[in-house]
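Please open the structure in a viewer and keep the selection tool at hand. The stops below each begin with something to select.

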Amino acid sequence: MALAFRQAGERESDALSSEAEGPVIEARGLNLVFETADAPVHALKDIDLSIGAGEFVSLIGPSGCGKTTLLRVIADLEQPTGGSITVNGMSPDEARQARAYGYVFQAAALYPWRTIEKNIALPLEIFGLSKAEQDKRIAAGLDLVGLTGFGKKFPWQLSGGMQQRASIARALSFDPDLLLMDEPFGALDEIVRDHLNEELLKLWAKTRKTVVFVTHSIPEAVFLSTRIVVMSPRPGRIHEIIDCDLGPDRPLDIRDTPEFLEIAHWVREGLKAGHGYD
Ligand SMILES: Nc1ncnc2c1ncn2[C@@H]1O[C@H](COP(=O)(O)OP(=O)(O)OP(=O)(O)O)[C@@H](O)[C@H]1O
């Protein structure tokens, strides 16, 4: 099959490639205050964060600490009220228009009246790709997430895990260098989640996308990430950034090793220290 996706090491030569010097994401003194009817909500306070090409960075923290808001700022779905942020050296608005990222939501968010392949095709239709190119990318996307043969099914005919894999294929259909994932496996049972974690790690190793991943789960963050950003609420800020230096080869039972447990311990300590318990 002709590959519609670039593999690790292969890069487009265009100027939008995240291989261009400099970080993929660079936030400096980023602030976002939501004005609400009662009191303003300081969702992000003084966020400094730099994410390089090919990193897998998880954002972890208690409910309301601003994880989703930070992801939405990167995606140009929310506007910061202070500080600066660039995506591939551009403003989030420019990066969105340059199709710099794919976004995977908490729920699979597939259109129920479209088949899986028509869901994957949606961004490709919007971008005006030819039917032949769409077909090539749909086939490659289904293959990438292990759903070959399921393209003609409707979302409701697939399990939750399969639906979430389809939404990953959709986010990757136009081969962005950056993948933004907001708790994509949060609603799935443990076994399915473990499996999809393994699959996502393989996909990342194969494509070397830059991934920003929101999760509540310490084991999930440690298993997947190269760095873990521990956030704390009210106001939402970065409490600590922890290196997760477990190497690229991570079978599931790595979770029982002392190295894994030590990193998990530090993440837990970071979460406790940043938590108000109110
Ligand atoms: N559009 C909005 N208007 C007002 N307040 C908002 C808005 N969006 C988010 N907030 C508030 O901003 C804070 C951060 O929300 P956010 O959804 O980013 O947190 P989170 O860490 O992703 O939480 P969760 O883990 O529960 O998804 C919360 O206090 C939330 O209520």
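Begin by selecting Ile-51 in this predicted model, together with the residues it touches. Setting aside neighbours within four places in sequence, Ile-51 is in contact with Pro-23, Val-24, Ile-25, Val-57, Thr-210 and Val-212. Ile-51 belongs to strand β2. Is Ile-51 buried or exposed? It has 23 C-beta neighbours inside 10 Å, and 20 or more are required for a buried residue, so Ile-51 counts as buried. Add Gly-22 to the selection: the C-alpha atoms of Ile-51 and Gly-22 lie 9.2 Å apart, with the two positions 29 residues apart in sequence numbering.

**The sheet around β2**

Next, select residues 41-51, which make up β2, and residues 25-34, which make up β1. These two strands pair in the antiparallel sense, over 7 bridges. For one position to inspect, display Glu-26 and Ser-50: Glu-26 stands opposite Ser-50 in β2. Now add residues 82-87, strand β4. In what order do the strands of the open sheet run? The order is β2-β1-β4, with 3 strands and antiparallel pairing. β2 and β4 are the edge strands, each pairing on one side only. From one strand to the next, the twist averages 25 degrees.

**The ligand and its shell**

Keep β2 visible and select the ligand. There are 13 residues around the ligand, and the closest are Phe-34, Ala-43, Ser-63, Thr-68 and Thr-69. Which elements each supply at least two residues of this shell? They are β2 and α1, the latter covering residues 67-74. α1 gives the most, with 3 residues. Colouring the shell by residue class shows 4 nonpolar, 8 polar and 1 charged residues.

Stay with one of the closest residues, Ser-63. Ser-63 lies in the loop between β3 (56-60) and α1. Because Ser-63 has 8 C-beta neighbours inside 10 Å, it counts as exposed; the limit for that class is 12 or fewer. For a sense of distance, draw a line from Ser-63 to Ala-140: their C-alpha atoms are separated by 36 Å, and the two residues are 77 apart along the chain.

**A strand covered on both faces**

Select residues 101-104, strand β5. Which residues cover its two sides? Tyr-101 and Tyr-103 are on one side, Gly-102 and Val-104 are on the other, and all of them are buried. Then add strand β6, residues 178-182. β5 and β6 pair in the parallel sense over 4 bridges. Within this pairing, the bridge partner of Val-104 in β6 is Met-181.

**Backbone geometry in two loops**

Most residues other than glycine have a negative phi, and most peptide bonds are trans. The next selections depart from this pattern in the model.

Select Arg-99 first, in the loop between α2 (92-97) and β5. Arg-99 is not a glycine, yet its phi is positive, at about 55 degrees. With 16 C-beta neighbours inside 10 Å, Arg-99 counts as partly exposed.

Move on to Arg-234, in the loop between β8 and β9. Phi of Arg-234 is near 50 degrees, again a positive value in a residue other than glycine. Arg-234 has 15 C-beta neighbours inside 10 Å and therefore counts as partly exposed. Now select Pro-235 as well, in the loop between β8 (227-232) and β9 (237-243). Is the peptide bond from Arg-234 to Pro-235 cis or trans? The bond is cis, with omega near -5 degrees.

**The whole chain**

Finally, clear the selection and view the entire chain, which has 8 helices and 9 strands. Along the principal axes, the C-alpha atoms fill a box of roughly 50 × 40 × 40 Å. How does the radius of gyration relate to that of a compact globule, and what is the value? For 278 residues, a compact globule would have a radius of gyration near 19 Å, and the chain has 19 Å, which agrees. Buried residues account for 42% of the 278 residues. Among contacts with a separation of 6 or more, 72% join residues 24 or more positions apart.

Notes:
Residues are numbered from 1 along each chain as its sequence is written. This is a predicted model: local features need pLDDT of at least 70, side-chain atom pairs count only at pLDDT 80 or more; totals for chains, interfaces and linings use all residues. Two strands pair if DSSP finds at least two bridges between them. Axes are lines fitted to C-alpha atoms, for helices over the stretch in contact, and angles run from 0 to 180 degrees between N-to-C directions. A residue is near a molecule or strand if its C-beta atom, placed from the backbone, lies within 6 Å of it. Ala, Val, Leu, Ile, Met, Phe, Trp, Tyr, Cys and Pro count as nonpolar, Asp, Glu, Lys and Arg as charged, and the others, Gly among them, as polar. The radius of gyration is taken over C-alpha atoms; the globule rule is 2.2 Å times the number of residues to the power 0.38. Two residues are in contact if their C-beta atoms, placed from the backbone, lie within 7 Å.
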